[in-house]
Amino acid sequence: MGRLKFCYGPMDCGKSTLALQIDHNHARQGRRGLVLVRHDRSGEPQITSRIGITRRAVEVGTATDVRELVRQEWARGQHVDYVIVDEAQFLSPAQVDQLAELADDVQLDVYCFGIATDFRSRLFPGAARLFELADELQPVQVEVLCWCGLPGRFNARVRNGEVVREGDTVVVADTEQSVVESSASARFEADPDTVRYQVLCRRHYRQGDLGPTAAQHGQLRLT
C-alpha cells in the first residue's frame, strides 16, 4: 500500500534538503519518482535548498490535478513509484485529497514537505488538510533557534523592522546570494519596502520582538 507522509517545520529546518535526500535515496535503488513543487522561493520550477542543492521539478499550479501529472507520465511510458512535493503548504485542500487518492488507489508513496503555519501563525489550508489526511506526520528534527536561543516555531514576516500581522498569505522569497545576509555581515540599511522572514519563539513572535541585532541574523529578505 502507498502512504502519504507530511514532513513539516519552520524556515531553515532543512525540509527541502530532506526532500532532495529522499529523492536521491529512492532513485539510487532504481525507483522512479515525480518531483513536484508549488511556489519555490527561487520563483523557478525547482526545489532549492538554502545549503545550495537544487533539483528541477514540475510546478503545481492553482488548477493542476496532480493525478493527471502521474497519468501523463504513464502515457509517456514512464513508471512512477513515488511522488515528492515541496512547499506543500501552498497546495489546495483538493490537491491534497488527490495525493491521498494516489497513495490509496495507485499505491504510490507520497512525501510532502512544507511549513505548517503562515506569518499570522495560522495553518495553511494545504498543511491543515495534510494534518487531517496523512498516514504519517513528522516534524523535521533540525532545530531552528529564535534570537533568544529558544526553539523557533513561528515564521514572522518583517517589513521595515516591524513584524507584519496582515497581508497576502503567499509572499515568496528569493534565494539569490545578494539578498541573503550572513550572520557575520555588517548591519544593512533596510529599504522601507524590503520584506524578509525571521523565525521566532512564541513569546517573541507575540511581542513582535526581533532582538537587539535582528538585521545581522542570517535571514532571508526580498525586495
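Tutor: Let's start with a term: a pocket is an open set of grid points with protein on both sides within 12 Å along at least five of seven lines. Keep in mind that this is a predicted model.

Student: How do you get at empty space like that, and how much space lies in the second largest pocket?

Tutor: The general idea first: rolling a probe the size of a water molecule over the atoms shows where empty space is left. Here, the second largest pocket holds about 310 Å³.

Student: Which residues lie nearest the centre of that second largest pocket?

Tutor: Look for Tyr8, Gly9, Pro10, Gly152 and Arg153; those lie nearest the centre, out of 17 lining residues. By character, the lining splits into ten nonpolar, five polar and two charged residues.

Student: On to charges. How many salt bridges does a search of the whole structure find?

Tutor: The idea is a side-chain nitrogen of Lys or Arg within 4 Å of a carboxyl oxygen of Asp or Glu. With that test, the whole structure gives eleven. Take Arg31 and Asp109, whose side chains meet at 3.5 Å, N to O. Arg31 sits in the loop between helix H1 (15-27) and strand S2 (33-37), while Asp109 belongs to strand S7 (residues 109-114), so to speak a link between distant parts of the chain, 78 residues apart.

Student: Are Arg31 and Asp109 buried or exposed?

Tutor: For reading these values, buried means under 20% relative accessible area and exposed means over 50%, with partly exposed in between. Arg31 has 26%, so Arg31 is partly exposed. Asp109 is at 13% and therefore counts as buried.

Student: What about Arg32, which residue does its side chain meet in a salt bridge?

Tutor: That's Glu73, at 3.0 Å from N to O. This pair also links distant parts of the chain: Arg32 is in the loop between H1 and S2, Glu73 is in helix H2 (residues 66-75), and 41 residues separate them. Arg32 is partly exposed at 31% relative accessibility, whereas Glu73, at 8%, is buried.

Student: And which parts does the salt bridge between Arg67 and Glu101 tie together?

Tutor: In that salt bridge the closest N and O atoms are 2.9 Å apart. Arg67 lies in helix H2 and Glu101 in helix H3 (residues 93-105), so the pair ties together parts 34 residues apart in sequence. Arg67 is partly exposed, with a relative accessible area of 21%, and Glu101 is partly exposed too, at 30%.

Student: Which residues do salt bridges with shared partners join into one network?

Tutor: Arg3, Lys5 and Glu136.

How values were computed
Residues are numbered from 1 along each chain as its sequence is written. This is a predicted model: local features need pLDDT of at least 70, side-chain atom pairs count only at pLDDT 80 or more; totals for chains, interfaces and linings use all residues. Side-chain values use heavy atoms; hydrogens and water are left out. On a 1 Å grid over the protein atoms alone, a cavity is a set of points where a 1.4 Å probe fits but cannot get out, and a pocket is an open set with protein on both sides within 12 Å along at least five of seven lines; lining residues have an atom within 4 Å of a point. Grid points are joined across faces, edges and corners, and a volume is the space filled by probe spheres set on the points. Ala, Val, Leu, Ile, Met, Phe, Trp, Tyr, Cys and Pro count as nonpolar, Asp, Glu, Lys and Arg as charged, and the others, Gly among them, as polar. Helices (H or I, at least four residues) and strands (E, at least two) are DSSP runs, numbered from the N terminus. Buried means under 20% relative accessible area, exposed over 50%, partly exposed in between (1.4 Å probe, protein chains only).
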